[in-house]
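Let's take a walk through a protein model together. Keep the picture open while you read, and turn it around whenever a new part comes up.

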Amino acid sequence: MKKTIKPVVVSLVAMSVLSACGNNAADNSTNSSGNSSGEKVKVEFFQGKSEAKATFDKLVAKFNEANPNIVVTQVNPPDAETVLKTRAAKKDIPDVVGMGATDTYKTLSASGLFEDFTSDPLAKNIQPAYVQMMKDLTGTDTLNALPFSSNASGVIYNKAMFAEAGVTVPTTWDEFMTVAQKFKDSGKNAFYLTFKDAWTTLTPFNSLSTIIKGNDFFKERTAGTVTFADSFNEVAEKLLKLTEYGQKDIFGKNYNDGNTAFAKGESAMYLQGVWAIPEIVKANPSIELGVFPFPATNDAADAKVISGVDTLLTISKNTKHKEEAKKFIDFLLQPENVTLYINEQKAFPAVQGVTQDDPTMDGFKASFEAGKLADFADHYIPSAMKVETINQAFLQKKDINAYLKQLDTEWDKVADRK
């Protein structure tokens, strides 16, 4: 039966709608960067890189000064991805999010929590290679975030120690091991390994895995057409081989220890990404550093710089301050602001028209110019697997078969949960 509404109810509904419109108008006035009430719009910027906090503080201050009606506040908690996942479960996504292009991002993006930037004019200034990496990661052509900066990992080396030893930059695995052996024979550490922090095992793991097997392996593993046991033996052997050339207590030293020790000349090479360089230079401003792609095979043509989206920027789909949030992202993507960030963080730009000119990075430039880049393998591995912890245990126990079996077992557990 069709219901009829009495006139008095219609009047009440009309009054309610008018009242709501009035309230919304007031809210919009308050939330707009051009509001007439003089009340400032508060925008939360949540980002996960502790080492970048001071740099982002500068950029936030610069934005706030130029936009007196908006107050951006940076939030940078420990274990940021876990915090973000917890907040996502409560449907409390920050207005603006800065994070890595990781499995966590992939999961949150697939949940429809972030804004769609696919056709946004801001996306036109992003390097196409990094846009494609984002699409490859998520498996969709929808772009739910904008790459801001990229990083690179391979090998950092002490130029003075190389010159003193009379060795040149290796381009193949055998040359790499020959150089390592020469330092070992002279009583010096070839590498300073910091495996007390499990995550530091990922730097060599990513290079070996990505260059030897390629990241399509993880799509095939998802499809069930390959296994780690059948495919990763060479990766495991070479990962284990590296431990022969580190200092004695490789499981007793952490990342901070490694930065300081390498700065003091306690090893000739350091298996880390460019993010470590500012800390190394801080510990020894006079050190002369170089970088080169990790030579994972005996074909020099295979060499690639492992580079991925280190920081992406996105907006909560349900933010009440979309206009202000987008204005802040637009600001961060301006060339002068990207330049400030990459210079301080020793990162690489994901924005076109900006270059990384630090001579320390010269060893990576040819790879960037030739497009010989590959994404981090762990970006394709579910975080719930905790592959870094599996790597750490393997390097302690040295049982390759058990290691590969555990990788398969843990992958299948995660796949079953999905």
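Which residues of β3 are buried on one side, and which on the other? This is a predicted model, and in it Val96 and Gly98 sit on one side of β3, with Val97 and Met99 on the other. All four are buried, so both faces of the strand are covered. Notice how the residues take turns. In a regular strand, side chains alternate between the two faces of the sheet.

Now look at what β3 pairs with. β1 runs parallel to β3, and 3 bridges join them. On the β8 partner, the pairing is antiparallel, over 4 bridges. You can follow a little path across these strands: Phe46 has Val97 in β3 as its bridge partner, and Val97 in turn has Thr314 in β8 as its bridge partner.

Next, zoom out a bit. The chain holds 18 helices and 10 strands, and its C-alpha trace spans about 95 × 50 × 40 Å along the principal axes. Of its 418 residues, 51% count as buried. Try picking out contacts between residues with a separation of 6 or more: 77% of these join residues 24 or more positions apart. As for the outside, the accessible surface comes to about 19400 Å², and carbon and sulfur atoms make up 51% of that.

Time to find the largest pocket. About 1400 Å³ of space lies in it, and 43 residues line it. If you want its centre, look for Glu81, Thr102, Trp199, Leu202 and Asp378, which lie nearest to that point. Several elements give two or more residues to the lining, including β1, β3 and β8, the strands we just met, as well as α17. The biggest share comes from α3, with 5 residues. What kinds of residues are these in the lining as a whole? By class, there are 18 nonpolar, 15 polar and 10 charged ones.

Let's finish with one residue in a helix. Thr389 lies in α17. Is Thr389 buried, partly exposed or exposed? Its relative accessibility is 39%, and because that falls between the 20% and 50% cut-offs, Thr389 counts as partly exposed. Now compare its place with that of Met99, back in β3. Thr389 and Met99 are 290 residues apart in sequence, and their C-alpha atoms are 22 Å apart in space.

Note on methods. Residues are numbered from 1 along each chain as its sequence is written. This is a predicted model: local features need pLDDT of at least 70, side-chain atom pairs count only at pLDDT 80 or more; totals for chains, interfaces and linings use all residues. Side-chain values use heavy atoms; hydrogens and water are left out. On a 1 Å grid over the protein atoms alone, a cavity is a set of points where a 1.4 Å probe fits but cannot get out, and a pocket is an open set with protein on both sides within 12 Å along at least five of seven lines; lining residues have an atom within 4 Å of a point. Grid points are joined across faces, edges and corners, and a volume is the space filled by probe spheres set on the points. Ala, Val, Leu, Ile, Met, Phe, Trp, Tyr, Cys and Pro count as nonpolar, Asp, Glu, Lys and Arg as charged, and the others, Gly among them, as polar. Buried means under 20% relative accessible area, exposed over 50%, partly exposed in between (1.4 Å probe, protein chains only). Two strands pair if DSSP finds at least two bridges between them. Contact means heavy atoms within 4.5 Å. Accessible areas come from the Shrake-Rupley method with a 1.4 Å probe; for residues, only the protein chains shown count as cover.
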